[in-house]
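Student: Please take one part of this model and examine it closely. I should then like a connected account of how the rest of the fold is arranged around that part.

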Amino acid sequence: MKQIAIKILSVLSVVLLVQCAPQPKAKTDQANQPNVILFVSDDHGKDALGCYGNDIIQTPNLDQLAEDGVMFNQAYCTSASCAASRSVILTGKFGHATGSYGHTHDYHHFSTFDTVKSLPVLLEANGYYTARIGKYHLAPESVYHFNTVLEADERNTVEMADKCVDVINSEAPFFLYFCTSDPHRGNPFKPERWDMPNNFGNKPEGYPGVETVVYDPKDVYVPEYLPDNKETREEIAQYYQSISRIDQGFGKLMTYLKESGKADNTIVIYISDNGMAFPGAKTTVYEPGICLPCIVKDPTQDAKGIVNNTMISWADLTPTILDMAGAKTNESFHGRSFKNILTDTEAEGWNEIYASHTFHEITMYYPMRAYRKDNFKLIWNTAWRLEYPFASDLWASSTWQSIYRNDIEYFGKRKVEDYLFRAEFELYNLDNDPLESVNLADNKEYALVLKDMQESLKAFQLKTRDPWVIMWDHDNSMQGTGVNL
C-alpha cells in the first residue's frame, strides 16, 4: 500500500508541475507582424491642421501623413477629457464600464478596474515589444503596462522622437505609444509667465532642436462657436504655435522610421484625445469637443490620400490595431475594427457613434450621454439642473473671461445663459445647424426622432452596463428588461 501511495503522489507531483509551469505564448509570425505607432496629441481639434483645411497653420509633416494614408472626417472621441478619453483609446471600452470616470492624477483618483486588459498588454501577449513616452494619465500601471517607459520633455516632441530610436530599431515588432502634452494649456496655478493658461506651453526661449513658429493673431481662424475678439485671437495664435511644435517632432519620428528601413511595415496613426481647450469644445460633447483629427497610414493598403467620411470612435481603435497586428485575443470590446473599411469613403453600416462623459476634474460632475446617427444628434444631460462646471484652465482662459467679466450676453453663437444652464435633452440637426445652437427636443415635428434616439441611447447604456442608465425617469425605468442593474 505504501508503494502504491508513493506512486500516486509521484504522478500527482508531475501533473502539478505541468499545470504550474509557465505556459508558452501563442505562436506569432513576427516577420509579418507590422509595427504600430500611435501618436496622441493633447487637446488638438480638427480646426488646426493644414490637411483639414486650415491654410494658415504650418503642419507639413502631418499633412504628408494624410497624403500617404487615410484622413477620417468623422472620427470621435467618446469623452472630451484627457484621462477618460485615453482609457477608451487603450481598452476599446467606454469609461463608464471600466471605472475610468475622469482624471486619474492627484485627488481625482479615478482608476480603471484591474480586470480590464489593455491594448499594450494584449499586444505583448502576441509577441510585441511595447513602449510609451510622454503623457500617460492612466491608472493603474498593472492594467496599462508597457515593457519600456521613456522619459523626455513632453512639450518637446523632437526630444521625444530622439528618445525613441532604440524602440524603432528593436528586433521584435514594436508598439510605440507616443503622447505629447502639446497643445494643452499651461497650468493656471503655476507662476511662470510662459506656463499661464493662455500660453499653451510656449516659452520665450523656445525648446532645444525645435524651430519656434509664431503666428499673428490677426491671421488665425476663429471658429464660429467662439467670440471673435482680441483675447480669443491671441490664444488661438498661441495654440497654433504649440501645434507646429508637435508637427516638427512627428516629422523627426518619421525620419527615424524611414532610416530604420521599417516605414513599409509600420502602421502610423495620429489622433488627439479631445478637442481644443476652449469653452464649447473640450469637456463638452458638442462637435468641436469630440469630432477630432484621425489620420491612418497602413502600408499594406495601396490607396493614398483618401478622405473617409465613415463614423468611427476611439472605442474602435484597440480592436482595429489588434486586427491590423493579427493579434489573437478572447477579449470583447465596445468598439469594432475598421481595418476592412479603412479606404472606403463612406462605408455602409458605419453611420452612428456614442459618447459618454461623466467627470473631468472630480469637482466637475456633469454626466452627458450622446448619440449621433447620420445628421441627428441627441445629448442627454442627466444633471441638467446643475450649472455646467468649468475645467480650471478653461475658466481662467482669456477667451472665457473676456465675455464673463464684461457681462456679454453671447459666447460665440450661443447665449452664455444657455451654455451654463442646459436643457435635459438637446437634439440637433447638424445638416441645418452645425453649430448646435437650435435645440429641437421640444419641437413636436421631431418628437418621433427624439423618441427613437432616446431608445437607442438607453439600449447602448444597457449593453455597455452604464450605471447612469438608472437616471432615466421612473416612468421609463429599465425594470422588466431582464437586465440586472
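**Helix α10 and its surroundings**

Tutor: Directly after helix α10 comes G326, a residue with a positive phi near 70°. The model is a predicted one, and what follows should be read on that basis. The helix that ends before this glycine covers residues 317-325, and eight of its nine residues are buried, so α10 is largely enclosed by the rest of the structure. The buried positions are L317, T318, P319, T320, I321, L322, M324 and A325. Both helices and strands contribute to the cover over these residues: it includes α3 (82-89) and α5 (119-124), together with β1 (35-41), β6 (266-272), β7 (291-297) and β8 (306-313).

One residue of the helix offers a way into the interior. Setting aside neighbours within four places in sequence, L38 has I321 among its contacts, along with I89, L90, F175, L176, Y177, F178, I269 and I271. L38 also belongs to the largest nonpolar core, which has 107 residues; L38, L90, F175 and W314 are the members that touch the most others. There is a second, separate core of 30 residues, with F174, F178, M254 and A263 among its members.

The strands that help to cover α10 lead to a sheet. It is open, has eight strands in the order β4-β3-β5-β1-β6-β7-β2-β8, and its pairing is mixed. Its edges are formed by β4 and β8; each has a single partner strand, so each has one side without a neighbour in the sheet. On average, neighbouring strands are turned by 20° against each other, direction ignored. Within this sheet, β1 and β6 run parallel and are joined by seven bridges. One pair of facing residues is S41 and S272, the latter in β6. Helix α3 packs on the sheet with contacts to β1, β5 and β6, and its direction makes about 165° with that of β1. Helix α8 (residues 230-260) likewise packs on the sheet and touches β1, β5 and β6, its direction making about 170° with that of β1.

Further along the strand order lies β3 (residues 129-134), of whose six residues five are buried, so this strand too is largely enclosed by the rest of the structure. On one side, β3 pairs in the parallel sense with β5 (residues 174-179) over six bridges. It also runs parallel to β4 (residues 148-150), to which three bridges join it. R132 illustrates both pairings: its bridge partner in β5 is Y177, and its bridge partner in β4 is V149. Y177 has already appeared above, as a contact of L38.

A biochemist may also ask about cysteines in this region. C291 is buried, at 10% relative accessibility. The closest cysteine sulfur to that of C291 belongs to C77 and is 9.2 Å away, which is too far for a bond. The count of disulfides for the model is zero.

A further sheet may be set beside the first. It is open, consists of four strands in the order β9-β10-β11-β14, and its pairing is antiparallel. β9 (352-357) and β14 (425-429) are the edge strands, each pairing on one side only. From one strand to the next, the twist averages 10°. β11 (residues 376-381) and β14 are antiparallel partners over five bridges, and F376 has N429 as its bridge partner in β14. Helix α14 (residues 447-463) lies across β9, β10 (368-373), β11 and β14, at about 60° to β11.

L378 shows how this sheet and helix meet. It lies in β11 and counts as buried because its relative accessibility is 0%. L378 and L450 are separated by 72 residues in sequence, yet their C-alpha atoms are 7.5 Å apart in space. Beyond its neighbours within four places in sequence, L378 is in contact with R369, A370, Y371, F425, E426, L427, L450, M453, Q454 and L457.

R369 recurs in the contacts of H96, a residue of helix α4 (residues 95-98). With neighbours within four places again left aside, H96 is in contact with Y101, S356, R369, F460, T464, R465, D466 and P467. At 3% relative accessibility, H96 counts as buried. The side chain of H96 also makes a polar contact of 2.7 Å with that of S356.

Conventions: Residues are numbered from 1 along each chain as its sequence is written. This is a predicted model: local features need pLDDT of at least 70, side-chain atom pairs count only at pLDDT 80 or more; totals for chains, interfaces and linings use all residues. Side-chain values use heavy atoms; hydrogens and water are left out. Buried means under 20% relative accessible area, exposed over 50%, partly exposed in between (1.4 Å probe, protein chains only). Helices (H or I, at least four residues) and strands (E, at least two) are DSSP runs, numbered from the N terminus. Two strands pair if DSSP finds at least two bridges between them. A polar contact is a pair of N or O atoms within 3.5 Å; within protein, one must be able to donate a hydrogen and the other to accept it, and residues adjacent in sequence count only if both atoms are side-chain atoms. Contact means heavy atoms within 4.5 Å. Axes are lines fitted to C-alpha atoms, for helices over the stretch in contact, and angles run from 0 to 180 degrees between N-to-C directions. A nonpolar core is a set of buried Ala, Val, Leu, Ile, Met, Phe, Trp, Tyr and Cys residues joined through side-chain atoms within 4.5 Å. A disulfide is a pair of cysteine sulfur atoms within 2.5 Å.
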